[in-house]
Amino acid sequence: MLFHVRMDVSIPRDLPADARADLLAREKAYSQALQSSGKWRHIWRIAGEYANVSILDVADNDELHEILSGRPVARLNRPLPDSGRLSVWPSTRITHWISSG
């Protein structure tokens, strides 16, 4: 199933520079591993914010929750109401990135 997820992260301003660098390096490695596996299909940065809109291709809500809560920056996420399951619009002609499952 494809899920649209918006992620906004609020990194504390008083976080020491070395801790911030370590956190961001772990987050990058985590997300790149999921991108390589095909689970994290697309990621778009939101200009001017520490935020993104992503498309994840997972089996179900539980797998989505596991992936998102496993992110190193998960505890720093601001809660957002605009995430949800996606389905193909009936008249779409763009199919090169759509999951067959």
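## The largest pocket

By class, eight nonpolar, four polar and five charged residues make up the lining of the largest pocket. Keep in mind as you look around that this is a predicted model. The volume of the largest pocket comes to about 350 Å³. If you would like to find its centre on screen, 17 residues line this pocket, and the closest to the centre are Glu27, Ser31, Ile43, Tyr50 and Asn52.

Which elements give two or more residues to the lining? They are E1, H1, strand E2 (40-45) and E3. H1 gives the most, with six residues.

## The two sides of helix H2

Now let's turn to helix H2, which spans residues 61-69. Its buried residues are Glu63, Leu64, Ile67 and Leu68. Viewed down the helix axis, these buried residues fall within an arc of 130 degrees, so they line one face of H2.

And what does the face turned away from that buried side carry? There you will find the exposed residues Asn61, Asp62, His65 and Glu66.

## What covers H2, and how it starts

The cover over the buried residues of H2 includes strand E1 (2-9), helix H1 (17-37) and strand E3 (51-57). E1, H1 and E3 are also among the elements that give two or more residues to the lining of the largest pocket, which makes them handy landmarks for both parts of this tour.

One last detail is worth a zoom at the start of H2: a side-chain oxygen of Asp60 comes to within 3.2 Å of the backbone nitrogen of Asp62. Asp62 is also one of the exposed residues on the face of H2 turned away from its buried side.

Terms used
Residues numbered from 1 in each chain as written. Predicted model: local features only at pLDDT ≥ 70, side-chain atom pairs only at ≥ 80, totals over all residues. Heavy atoms only, no water. Buried < 20%, exposed > 50% of the residue type's maximum accessible area, 1.4 Å probe, protein only. Helix = DSSP H or I, 4+ residues; strand = E, 2+ residues; numbered from the N terminus. Arc of directions from axis to C-beta. Contact = heavy atoms within 4.5 Å. Polar contact = N/O pair within 3.5 Å; in protein donor to acceptor, adjacent residues only side chain to side chain. 1 Å grid on protein atoms, 1.4 Å probe; cavity = no way out; pocket = protein on both sides within 12 Å on 5 of 7 lines; lining within 4 Å. Points joined across faces, edges and corners; volume = space filled by probe spheres on them. Nonpolar A, V, L, I, M, F, W, Y, C, P; charged D, E, K, R; others polar.
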